[in-house]
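Visitor: Could you take me through one cysteine in this predicted model, and then show me what else is worth a look around the rest of the fold?

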Amino acid sequence: MSTDPLLVTGASGFLGRHVLQALQAARQPQRPETPAGGESRPSAIALVRDAEAWRGMEWTRELGEVEVLVGSVTEPEAWIESPRLERLGGIIHLAALVRHSRRRSAEVYRTNIEGTLALVRLAATRRCRIVFVSTSGTVGCFREPEAFADEDAPYREDLIARWPYYHSKLVAERRARSLADELGLDLVIVRPPVLLGPGDHRFRTTGHLLRYLRGRLPFLIRGGIHFADVRDVASALVRAGERPDVRPVYNLPGTACGIAEFFRLVEELSGIPATRRVLPFRMAWWLATLLRPLGVLPDPVVIEIASHYWDTRSRYAGTDLDYTHRDVRETLADTIAWLRANHPALAEGGMQ
């Protein structure tokens with residue numbers, strides 16, 4: 001295992017938080033003692049947009065040797081020549097703009113494609129591996145609930161081309177692979193599904209659970225969800241960055257189930273009754289479209305996404321990355337407990 005630091009982009013996010021924690025846990029037993037008068041190298045360099053905001057988050061104070069580098073993946077010229085990056089053990093590229101809307105989609109494409117290509121070029125310059133975290137949605141989207149995709153499955157561009165986030169990730173995968181081959185670069189693409197678990201300090205990935213717990217989920221639609229525990233995914237990403245022999249692409253599967261089944265399980269674990277109102281897709285889509293200016297329902301793109309089914313499997317992640325996903329009830333129970341303890345409205349016992 002290299003003692004050179006890993007550059008982690010998107011370090012201030014939900015997954016970034018857990019990757020930094022997993023990296024430190026993996027490296028701590030192997031870290032040599034710093035010689036007298038010597039300089040201790042950090043385990044990670046965290047690329048963040050705002051250093052003050054980073055320092056203001058309570059969880060960052062619990063991290064050990066993490067160095068902060070201020071910058072944006074869409075403006076690499078401002079930081080990419082930093083002497084701190086002269087020796088890198090690798091790059092874990094998490095930074096992405098997750099926005100499920102066709103409005104202002106150009107920003108989504110720019111961040112998720114051009115930002116990724118900038119990091120691929122940096123990895124080539126520093127002669128290190130880059131782990132690019134994409135999404136299972138590039139291959140694992142279907143109209144029927146029984147289907148699934150493994151690492152050799154084709155892209156589902158026919159279904160996701162009108163959804164900017166998923167399509168931008170597909171294009172980023174394709175272009176990053178082409179550039180890596182051209183530059184002779186070690187690129188590993190990892191595709192996790194939706195992430196749940198404790199520690200979503202921005203309350204974004206767990207937004208649908210928040211709405212449920214606050215009594216703001218008025219209806220369901222027929223469709224599916226595919227999710228994994230953020231802690232399991234983070235550990236696998238660290239191993240993908242540090243194992244000597246890895247494959248070009250890994251799916252990190254989790255639990256795939258119907259939306260109604262998912263919320264029945266949330267009902268069981270939270271004690272809050274789930275709505276039994278299931279709307280036809282077309283009615284739900286029109287309601288979301290008509291009420292979009294009020295912000296009371298998700299964007300119509302979210303309705304379109306939720307009406308599909310999602311599932312990936314892996315032939316390699318278990319053996320290569322020691323990847324397993326924990327029991328679904330543990331993930332959901334821990335997520336619910338963390339939200340109730342940390343979200344202002346829930347922590348106060350409110351339902352507003």
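**A cysteine and its surroundings**

Guide: Let's start with Cys-141, which lies in strand 6, the run covering residues 141-142. This is a predicted model, so everything below is computed from predicted coordinates. Cys-141 counts as buried because its relative accessibility is 0%. Leaving aside residues up to four places away in sequence, Cys-141 touches Arg-156, Leu-159, Ile-160, Trp-163, His-308, Tyr-309 and Trp-310. Two of those names come back in an aromatic cluster, where Trp-163 and Trp-310 join Tyr-165 and Tyr-166. For a sense of distance, the C-alpha of Cys-141 is separated by 25 Å from that of Asp-322, a residue 181 places away along the chain.

Now for the obvious thing to ask about a cysteine. A disulfide is a covalent bond between the sulfur atoms of two cysteines. The count here comes to 0 disulfides, and Cys-141 is in none, with the nearest cysteine sulfur, that of Cys-257, 15 Å away. Looking from the other end, Cys-257 has its closest cysteine sulfur in Cys-141, and 15 Å is too far for a bond, because a disulfide needs the sulfurs within 2.5 Å. Cys-257 is buried as well, at 14% relative accessibility.

Since aromatics have already turned up, let's stay with them. The structure holds 9 aromatic pairs. One of them is Trp-54 with Trp-59, an edge-to-face pair at 5.4 Å centre to centre, with 75 degrees between the planes. Trp-54 is buried, with a relative accessible area of 5%, and Trp-59 is buried with a relative accessible area of 5% too. Then there's Trp-285 with Trp-286: the ring centres are 5.0 Å apart and the planes sit at 85 degrees, so this pair is edge-to-face. Here Trp-285 counts as buried at 17% relative accessibility, whereas Trp-286 is partly exposed, at 45%. Trp-285 has a charged neighbour besides: Arg-282 lies over the face of its ring, 5.7 Å from the ring centre. A similar arrangement involves Arg-313, which lies over the face of Phe-148 at 4.0 Å from the ring centre.

Trp-54 also leads us into the packing. The largest nonpolar core has 38 residues, and the members touching the most others are Leu-15, Val-19, Leu-20, Trp-54 and Leu-237. Several elements supply at least two residues each, among them strand 1 (6-9), helix 1 (14-27), strand 5 (130-133) and strand 7 (187-191). Helix 7 gives the most, with 7 residues. Zoom in on Leu-237 and you'll find contacts with Leu-15, Val-19, Ile-92, Leu-94, Val-131, Val-133 and Val-190, again not counting residues up to four places away in sequence. There's a second, separate core too, made of 31 residues and including Leu-196, Ile-259, Val-266 and Ala-306.

One last stop is helix 3, residues 105-126. Its 22 residues reach 32 Å from the first C-alpha to the last, close to the 32 Å expected at 1.5 Å a residue. Just after helix 3, Arg-127 takes a positive phi of about 55 degrees.

Terms used. Residues are numbered from 1 along each chain as its sequence is written. This is a predicted model: local features need pLDDT of at least 70, side-chain atom pairs count only at pLDDT 80 or more; totals for chains, interfaces and linings use all residues. Side-chain values use heavy atoms; hydrogens and water are left out. Helices (H or I, at least four residues) and strands (E, at least two) are DSSP runs, numbered from the N terminus. The expected span of a helix is 1.5 Å times one less than its number of residues. A nonpolar core is a set of buried Ala, Val, Leu, Ile, Met, Phe, Trp, Tyr and Cys residues joined through side-chain atoms within 4.5 Å. Buried means under 20% relative accessible area, exposed over 50%, partly exposed in between (1.4 Å probe, protein chains only). Contact means heavy atoms within 4.5 Å. Rings of Phe, Tyr and Trp (its six-membered ring) pair if their centres lie within 6.5 Å; planes under 30 degrees apart count as stacked, over 60 as edge-to-face and the rest as tilted. A charge sits over a ring if NZ of Lys or CZ of Arg is within 6 Å of the ring centre and within 35 degrees of the ring normal.
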